[in-house]
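User: I am new to this structure and would like a close look at a single part of it, with enough of the surroundings to place that part. Please take me through it slowly.

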Amino acid sequence: MSRRRETDAQLLARIGLDAVARRERARQNHNRLVALAFMAPALVLVIGVLLVPVGYNLYLSVMNWRKFKGFDQFAGAGNYFDMGSSPYFFDALANTAIWVAASLAFPIAIGLALALLFRGARFEDAFKNIVFLPRILAPTAVAVLWIYVYAPHGVVNRILQMVLGHDVDIGWLYQQSTITASIIVTFVWQTVGLVMVLLLLGLNALPKDPIEAARIDGASPFQSFRHIVLPLLAPTLLMVSILCVLAGFTVFDLLWVMGAGYPGLRTLSLAIFMYFEAFQKGGWSFGSAVAVVIGLIVLSVTWLQAWLQHRIDQNLK
Amino acid sequence: MTSLVDTLDFDAIEKRERRARRSSWAVLAVSGFVSLLWLTPFYYLVVTIFKTTDEYTHSDPFAPPRGLAPILGNSVTAWNEATMAYGMSNSALYGGVGAGLAVLFAAMAAYGLTRLDYRGKTLIFMTIFAGTVFPFQMYLIPLFLLYGKIGILNTRFGMMLFYTAICIPFPTLVLRNYMSGLSREMDEAARMEGAGEFTVFARIVLPNAAGPMVATFLLQFTWIWNDLLFSTVLGNRAEVRSIMNSLQVFQGSYASTGPNVVLTAALIASLPSLLMFFALRRHFMEGLKVTGL
């Protein structure tokens with residue numbers, strides 16, 4: 001028992017430096033083996049089911065797929081050039097850009113406005129819960145609900161009829177001029193609650209002193225918001241913005257369910273375009289190439305976030 | 001003290017208070033309007049599920065229902081026509097097994113990453129973390145083709161395999177941060193008493209990490225329950241369909257039924273995540289804070 005309890009220094013004195021080093025190495029090797037046994041299920045699943053498929057996707061995107069032959073030809077960048085000659089690709093790209101811009105601007109502007117409005121107000125919790133409510137429905141259920149809200153005899157047209165005084169029967173989800181805006185409204189309805197809650201967490205964590213000092217020095221509420229609250233809130237705003245951009249960029253459920261009746265479905269976004277080309281038309285290689293493009297864009301956004309986060313952290317220090 | 005009272009301008013104070021009171025009424029009015037706007041679709045949902053198909057087609061979408069009884073018929077029709085028995089039990093299986101195994105494996109991985117000393121941890125962590133950086137679109141085609149090749153496309157096993165894997169990286173990240181904050185003295189003491197590594201993991205570290213494990217389990221369960229994308233691609237056969245997939249298929253083919261039935265189905269499909277949210281609100285909010293999801 002006493003031997004097991006002896007310290008490194010005592011051991012060193014008894015048997016010398018080499019033995020200590022050897023013992024340390026043996027201990028490390030033993031620990032690594034034990035740790036690997038613990039990490040094995042996670043590693044095997046992540047590599048086998050997630051990372052290998054990503055590699056396979058890259059491989060597929062530079063091959064040609066032919067019926068009955070499979071992926072037997074090297075295509076190089078051919079699939080990527082095909083995107084340039086597909087008119088649908090550019091429509092999907094443009095729509096995705098609109099989606100990203102809208103899913104960044106509206107949830108953040110409205111979420112911030114509501115956070116500032118509700119904060120400290122009477123019944124604050126009730127208002128917060130009501131705006132957060134849509135978030136706890138499944139996105140598919142939200143999409144199904146809004147299909148009927150937008151139906152020709154649905155809720156939106158009924159409200160317009162009450163306001164305008166004559167019958168309205170717009171097929172919001174069946175015409176090009178309204179479908180994207182309509183689905184964005186649903187997206188905003190669903191996401192603003194979360195954005196608001198996250199911004200409230202950020203607002204409540206701000207230091208009180210600078211705001212109080214500015215108020216005593218005679219700054220108007222707007223001035224202290226613009227020059228003190230907003231800069232302090234920058235890290236939270238950045239995190240929320242990135243969440244919104246990525247959510248808007250890869251949104252699938254809402255578009256797929258709500259756009260199902262729209263003839264130009266595949267142009268709704270890049271994610272839908274990729275799904276359509278691969279799973280409905282069987283263009284596996286072409287679809288893989290589109291997936292790689294989506295991946296590159298998402299990775300650059302994530303990289304940009306890490307870079308900005310680093311900058312902000314440095315500035316705060 | 002008297003001098004301070006002398007300098008107080010009571011008129012100004014009263015004016016400021018009156019303004020504050022008026023602005024608080026304005027805040028209340030605007031907040032109430034916003035809430036009304038947000039609740040309108042819910043109001044429509046609630047009145048609709050209490051109407052029969054006939055009543056729905058002949059009434060105003062905002063009109064209150066004539067009685068409460070039709071919801072029973074709507075539920076039965078929805079349950080049968082949307083094959084919700086399959087959908088609900090499949091999704092419960094996928095969510096329970098997928099999120100459960102994922103959090104267990106993540107806890108084991110986090111143990112290996114934080115409670116033992118050796119070199120090369122960063123590489124292993126980055127490998128697992130890499131599972132969070134790619135968009136879902138990059139998994140779809142390869143998984144569909146590979147699943148087809150080895151014959152697990154449209155099987156419950158294939159679905160559980162994928163859901164377990166996709167749900168591992170995020171809990172690993174959370175539990176690694178959490179476990180690295182736990183003191184290691186207890187581990188050392190137990191080892192000294194002759195406890196094996198598994199005992200240390202199961203008896204000492206796991207009980208201490210129960211909170212974040214529950215939070216991440218709930219988040220991942222809800223994610224699996226709500227997932228439409230992967231269940232459409234990897235499990236599109238009637239018997240293995242997830243609840244969201246069943247709902248979408250039902251909505252697309254509702255020729256025989258009306259919005260009242262489809263919306264009843266949508267509400268039933270959302271019930272488990274609604275219940276989970278209200279029952280474990282605190283954990284859910286904790287999870288939100290941890291993840292920002």
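Analyst: This is a predicted model, and a good place to begin is the spacing inside one chain: the centres of domain 1 of chain B and domain 2 of chain B, taken over C-alpha atoms, are separated by 38 Å. The domain assignment places domain 1 of chain B at residues 2–70 and domain 2 at residues 76–291. Where these two parts of chain B meet, eight residues of domain 1 are in contact with eight residues of domain 2. On the domain 1 side of that meeting, α2 (10–48) and α3 (53–57) of chain B each supply at least two residues, and α3(B) gives the largest share, with three residues. Sorted by class, the domain 1 side that touches domain 2 in chain B holds three nonpolar residues, four polar residues and one charged residue.

Around this junction, chain B is built with 16 helices and zero strands. Its C-alpha trace spans about 80 × 75 × 35 Å along the principal axes, and its radius of gyration is 27 Å, whereas a compact globule of 293 residues would have a value near 19 Å. Of the 293 residues in chain B, 42% are buried. If one takes the contacts in chain B between residues at least 6 apart in sequence, 76% of them join residues at least 24 apart.

Chain B also has a partner, and the contact between the two chains involves 70 residues of chain A and 75 residues of chain B. On the chain A side, helix α2 (residues 17–61) of chain A contributes the largest share, namely 22 residues. The class make-up of that chain A side is 56 nonpolar, ten polar and four charged residues.

A smaller element of chain A brings the two chains into one view, and this is helix α7 of chain A, which runs over residues 155–164. Its buried residues are Val155(A), Val156(A) and Asn157(A). What covers these buried residues of α7(A) includes α6 (139–149) of chain A, together with α2 of chain B, and α2 of chain B is also one of the helices that supply residues to the domain 1 side touching domain 2 in chain B. Just after α7(A) comes Gly165(A), which takes a positive phi of about 85 degrees.

To place that helix in its own chain, it helps to know that chain A has 13 helices and two strands, and that its domain assignment gives domain 1 (8–50) and domain 2 (86–316). The centres of domain 1 of chain A and domain 2 of chain A, again taken over C-alpha atoms, are separated by 47 Å. Along its principal axes the C-alpha trace of chain A spans about 100 × 75 × 35 Å, and the radius of gyration of chain A is 28 Å, whereas a compact globule of 317 residues would have one near 20 Å. Buried residues account for 36% of the 317 residues in chain A, and among contacts in chain A with a separation of 6 or more, 65% are between residues 24 or more positions apart.

Technical notes: Residues are numbered from 1 along each chain as its sequence is written. Chains are lettered from A and ligands numbered from 1 in the order in which they are written. This is a predicted model: local features need pLDDT of at least 70, side-chain atom pairs count only at pLDDT 80 or more; totals for chains, interfaces and linings use all residues. Helices (H or I, at least four residues) and strands (E, at least two) are DSSP runs, numbered from the N terminus. The radius of gyration is taken over C-alpha atoms; the globule rule is 2.2 Å times the number of residues to the power 0.38. A residue is buried if 20 or more other C-beta atoms lie within 10 Å of its own, exposed if 12 or fewer, and partly exposed in between; C-beta atoms are placed from the backbone. Two residues are in contact if their C-beta atoms, placed from the backbone, lie within 7 Å. Domain bounds come from an automatic or database domain assignment. Ala, Val, Leu, Ile, Met, Phe, Trp, Tyr, Cys and Pro count as nonpolar, Asp, Glu, Lys and Arg as charged, and the others, Gly among them, as polar.
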